[in-house]
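Me: I've got a model open and would like to go through it with you, a few questions at a time. Can you keep the answers short and show the reasoning?

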Amino acid sequence: MKTFFQKYKHSLVLLYGLLYMPWFLWLESRASLPYHVIHMGIDDRIPFMEIFIVPYLIWFIYVPAVFIYLFFKNKGEFYRYCIFLFTGMTLFLVISTVYPNGHLLRPASFERNNIFIYAVQFLYRADTATNIFPSLHVYNSIAAHMAVAYNKRLGSSFFIRNISRLLMITIILATMCLKQHSAADVISGILLGVLMDQMVYRTDFALLRQKAQQRRKKTKKGVVI
């Protein structure tokens, strides 16, 4: 009988957490140091809406749920999902290291008291308003939805595909309506997500290698000795 590791050797990718978490916690420890303030004019026009704490928190289930599903169901797509996630997450760490950033968008006080406001207050205490560019909430939501959409089983389900799309869109809106991110963070997260979608899912690297090999062969044949 195969052991868990023998059956799921792709679990080795989880070692990425040994790089990401210490680096991220170190960045968070610098929250009190000077940083570049990220701001766009549209940020001041976006209203604070505490109800968006719901999709914002669902993100912590949504992204790992896709990860776990692909881990057990499709190793090839699992690797693609990890490449998508880890590339953006690493770029985020590098940018936050060389370009310390943050925002000043959070409300100083709240006009209402309800369970959603309490959840937002808890979020503000747990998460600093620094290291925000690009938005990982946005980027990873796009990664999760793309993984769902390209999966034959999940993507073929009208219900699952559209629930995933709805989650992605509401999470993206939540980052701004909760004043967790500037529109600049969101735009950069979307652009990076679109770029990675092109590279991870829409580019056939095997075909590109085949064409490159064919060109090399033709070049060799055309050389006069």
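Me: Let's start in a loop. Is Asn131 buried or exposed?

Reply: Bear in mind that this is a predicted model. Asn131 sits in the loop between α5 and α6. Its relative accessibility is 9%, and the cut-off for buried is under 20%. So Asn131 counts as buried.

Me: Which residue in the loop between α8 and α9 has a positive phi?

Reply: Most residues other than glycine have a negative phi. The loop between α8 (158-177) and α9 holds a residue with phi near 60° that is not a glycine. At 8% relative accessibility that residue counts as buried. The residue is Lys179.

Me: And what is the phi of Asn131?

Reply: Asn131 is another case in a loop, the one between α5 and α6. Asn131 is not a glycine, yet its phi is positive, at about 55°.

Me: Where is the cis peptide bond that involves Pro134?

Reply: Most peptide bonds are trans. Pro134 is placed in the loop between α5 and α6. Omega is near -10° for the cis bond, which runs from Phe133 to Pro134.

Me: Zooming out, how many helices and strands does the chain have?

Reply: Along the sequence the pattern reads α-α-β-α-α-β-α-α-α-α-α-α. Counting up the elements gives 10 helices and 2 strands.

Me: What share of the contacts is between residues 24 or more positions apart?

Reply: The chain has 225 residues, and 42% of them are buried. For contacts, the pool is those with a separation of 6 or more. Within that pool, residues 24 or more positions apart account for 86%.

Me: Now the largest pocket. Which helix gives the largest share of its lining?

Reply: The largest pocket has a volume of about 900 Å³ and is lined by 37 residues. Elements that give two or more residues to that lining are α2 (16-29), α3 (53-73), α4 (75-98), α5 (115-126) and α6 (136-150). The largest share is 8 residues, and it comes from α3.

Me: How many of the lining residues are nonpolar?

Reply: Tyr20, Trp59, Phe60, Leu136 and Asn140 lie nearest the centre of the largest pocket. Across the lining there are 8 polar and 3 charged residues. The nonpolar ones number 26.

Me: Asn140 turned up there. Which residues does Asn140 touch, leaving out those up to four places away in sequence?

Reply: Asn140 is in helix α6, and at 4% relative accessibility it counts as buried. Gly189 is 49 residues from Asn140 in sequence, with 8.6 Å between their C-alpha atoms. The residues that Asn140 touches are Trp59, Val63, Leu85 and Met89.

Me: Is Val194 buried or exposed?

Reply: Val194 belongs to helix α9 (residues 183-200). Its C-alpha is 8.3 Å from that of Ile142, which is 52 residues away along the chain. The relative accessible area of Val194 is 52%, and the cut-off for exposed is over 50%. So Val194 is exposed.

Me: One more: how many disulfides does the structure hold?

Reply: Take two cysteines, Cys82 and Cys177. Cys82 is buried, with a relative accessible area of 3%, and Cys177 counts as buried at 8% relative accessibility. A disulfide needs a pair of cysteine sulfur atoms within 2.5 Å. The number of disulfides in the structure is 0.

Terms used
Residues numbered from 1 in each chain as written. Predicted model: local features only at pLDDT ≥ 70, side-chain atom pairs only at ≥ 80, totals over all residues. Heavy atoms only, no water. 1 Å grid on protein atoms, 1.4 Å probe; cavity = no way out; pocket = protein on both sides within 12 Å on 5 of 7 lines; lining within 4 Å. Points joined across faces, edges and corners; volume = space filled by probe spheres on them. Helix = DSSP H or I, 4+ residues; strand = E, 2+ residues; numbered from the N terminus. Nonpolar A, V, L, I, M, F, W, Y, C, P; charged D, E, K, R; others polar. Buried < 20%, exposed > 50% of the residue type's maximum accessible area, 1.4 Å probe, protein only. Contact = heavy atoms within 4.5 Å.
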